[in-house]
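Here is a short report for a first look at a new structure. Please keep the sequence and the 3D view at hand while reading.

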Amino acid sequence: MDNPVIDHTALRRLMRVIGDDPDDLRELIESFLEEAPVLVLDIEAAAASMDMENLCRASHTLKASARDFGAPRLAEVCEALEYSARDGHSEPAALVRSIAAEYAMAGRELKILLDLGPVLP
Amino acid sequence: MASEAVLIVDDHSTNRLKMAAAVRNLGYEAAVVGGGREALDHLRARPCDAVLLDILMPGMDGFDVLRALKEDEALRDIPVIVVSALDDDTASVVRAIELGAEDFLPKDFDPVILRARLGTSLQKKRFRDQEREFRRLVGKLTEAAETLESQSLRPERLALDDIVSRQDPLGRLGRVFQSMAEEIYERERRLRRNIRMARGSLLVIAVGVSWGIIAPLSRMASGLDSDPLGLAVWTNLIGAAACLGVAAARGRLPPPTWPVLRFCLLWGIITGVLERLILFSVTGHVQATTVALICSLEGFMVFVVAAALRIEKASLRRLGGLLLGLLGAVLVIKAPGTLSGVDEAFWLLMTASLPLLFSIEGLFVAARRPENVDVTALTGLALLASFAIILPVAAAAGELLHLGPAVGRLEVVVLLIALASVLAIVLWLLLVDVAGAVFASQTAYSITIAGIVWSMLLLDERLSPLAWGALALMLLGLYFVEPQASAADDEFRLPVRLRRAKSDLVAQARGEPHAR
């Protein structure tokens, strides 16, 4: 697959950064799975109230995390929304829906990885 | 050495977790906070060695945190690395660095880069801390040197422990400095003590010789048909004139303030009136050697008073000394040839009042002598006061001694008594100033011995075996009653000027007889 939902290389890289401890990685992923939905909600709320500043910031944050945890498609959409908000375009709705969708998929994949035991093959 | 601590400031928990893990993986300790305010509180409570600071935070953002840190003197030296997630936002990074950030790190950093950037910042901080500590200790050492120069402090009070315990060149310098200071202090102390002892010893002998001659001289005078009142008038007058003349010549006359005058008046009554009249009276009836022996009782009397008042400790040794002294006194009384007749008891009692008066005088002078007044002038004024008191009494009793114009034996004796007593007083006051009252108490021996020697020389008196025994017991007793040298001897300032202090009252009470 050339555009996977979860990019294992990125996860491996993350694990290297934090010291090659699979338990730490598990903890991190769990934290992401807790935080990310909140971010998605923040994005939706900001979009609804046309709060461009918060929209920019929230999508930026989710983008960075998405990159860390190997969700390139999610990251891409977040980046698009971030720039869009920054540049003042006022049609975030479609992008917001994409983000929600992409996160749903990424989140599911990550949960499967966690359930499979040792996170990385 | 404890590992260095890094504070991670980020409002997202996943980021905090990630950074903390990365930091710990590098071997440092990691602490995490979720916002700017908590970061400042944390740092104030537990300063860290470095901070990884997220710029984009709600509320107090990274820039606010930076500003706050640099304004706080305690925190401004902690290196801050801003973590920037903004891909092309050089402007934010630049702004952060202008606000005082040490470096920046991208959010998706490689651990190698994290290690390099953290490592550099921490090392810089380490160097800054070491340098500051070094400068502080050098300052301390310099201060200690200045202290030694300007005022003499005992070396152990320089408080250089944290310098001398170091294992680096500064520590070595500190140790050398301290041992040199100690050596110089020791040498100085020994030198001062030797000078004091030498000067003091000479003065002790001088005081003994001057005082010792007075009793035999006054016995000679009574043999030449003088009377106590007339003798007292003349000796006081001549003494006052000599002292005041010398003081005036040296420009040391004190201002006639009431405290000075009052002191001289009271002192004059004790020394120039009471002591002199009694001494001149008893030497007409008692052998001079006996007078000398009885006067040595002063040493014991003062000790008794001090022990009773609990100013001094009555150790077994000193009580033993007291007993010896009493034994000696008994022997003196029993010694044949001391005197004969019914008046025996009366005159011995009168003689015994002399040591009592000497003790009182000693306490009085120690407590009340005005500071910074020349001793010669003080003595002169006191003798002048005594002269003024006795003169009318002598005139009324018709006992004014007519001396001169021809200089016969009596005239010479009177002059010698006057000069010897002045010398004895002035030298004794000097002795106390130079060597302290404790050292001065050794005049007990020199006066007793000199008194006996002078009596034997001038009057051909001889001591019976019993009297020799009494002398031996008295001297031994005085030795045991004496207090030990005090540690106060070790306190001195450069230049030395051992100041008489109220502690001399206590020293006097310990039993140091002194010149009259």
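A salt bridge here is a side-chain nitrogen of Lys or Arg within 4 Å of a carboxyl oxygen of Asp or Glu. By this rule, the count over all chains is 29 salt bridges. This is a predicted model, where local features need pLDDT of at least 70 and side-chain atom pairs count only at pLDDT 80 or more, while totals for chains, interfaces and linings use all residues. Residues are numbered from 1 along each chain as its sequence is written, chains are lettered from A and ligands numbered from 1 in the order in which they are written, and side-chain values use heavy atoms, with hydrogens and water left out.

**Three salt bridges**

Helices (H or I, at least four residues) and strands (E, at least two) are DSSP runs, numbered from the N terminus. Buried means under 20% relative accessible area, exposed means over 50%, and partly exposed lies in between (1.4 Å probe, protein chains only).

| Salt bridge | Closest N to O |
|---|---|
| A:Glu82 and A:Lys63 | 2.9 Å |
| B:Asp72 and B:Arg44 | 2.9 Å |
| B:Asp77 and B:Arg132 | 2.8 Å |

Start with the salt bridge between A:Glu82 and A:Lys63. This pair links distant parts of the chain: A:Glu82 is in helix H4 (residues 72–87) of chain A and A:Lys63 in helix H3 of chain A, 19 residues apart. A:Glu82 is buried, at 4% relative accessible area. A:Lys63 is buried too, at 1%.

Next comes the salt bridge of B:Asp72 with B:Arg44. B:Asp72 sits in the loop between helix H3 (62–71) and strand S4 (80–84) of chain B, and B:Arg44 in helix H2 (residues 36–45) of chain B, so the pair ties together parts 28 residues apart in sequence. B:Asp72 is buried, with a relative accessible area of 18%. B:Arg44 is partly exposed, at 48%.

The third salt bridge joins B:Asp77 and B:Arg132. B:Asp77 is in the loop between H3 and S4 of chain B and B:Arg132 in helix H5 (residues 111–150) of chain B, so this pair ties together parts 55 residues apart in sequence. B:Asp77 is partly exposed, at 30% relative accessible area. B:Arg132 is partly exposed as well, at 41%. Shared partners join B:Asp49, B:Asp77, B:Lys125, B:Asp129 and B:Arg132 into one salt-bridge network.

**Chain A**

Chain A has 5 helices and 0 strands. Along the sequence the pattern is α-α-α-α-α. Of its 121 residues, 47% are buried.

Which residues come together in space here? A:Ala10 and A:Asp68 are 58 residues apart along the chain, and their C-alpha atoms are separated by 6.5 Å. A:Ala10 lies in helix H1 of chain A and is buried, at 14% relative accessibility. A:Pro37 and A:Gly107 are 70 residues apart along the chain, with C-alpha atoms separated by 9.0 Å. A:Pro37 belongs to helix H2 of chain A and is partly exposed, at 30%.

Two loops hold a residue with positive phi. A:Asp20 is not a glycine, yet its phi is about 65 degrees. A:Asp20 is in the loop between helix H1 (8–18) and H2 of chain A. A:Met50, also not a glycine, has a positive phi of about 55 degrees. A:Met50 is in the loop between H2 and helix H3 (52–68) of chain A.

**Two helices of chain B**

Is helix H8 (residues 214–223) of chain B enclosed or open? With 7 of its 10 residues buried, H8 is largely enclosed by the rest of the structure. After H8(B) comes B:Asp225, with a positive phi near 65 degrees.

Helix H17 (residues 443–459) of chain B has 17 residues. Its expected span (1.5 Å times one less than its number of residues) is 24 Å, and its end C-alpha atoms are 23 Å apart, which agrees. Buried residues of H17(B) include B:Tyr445, B:Ile447 and B:Ile452. B:Asp460 follows H17(B), and its phi is positive, near 60 degrees.
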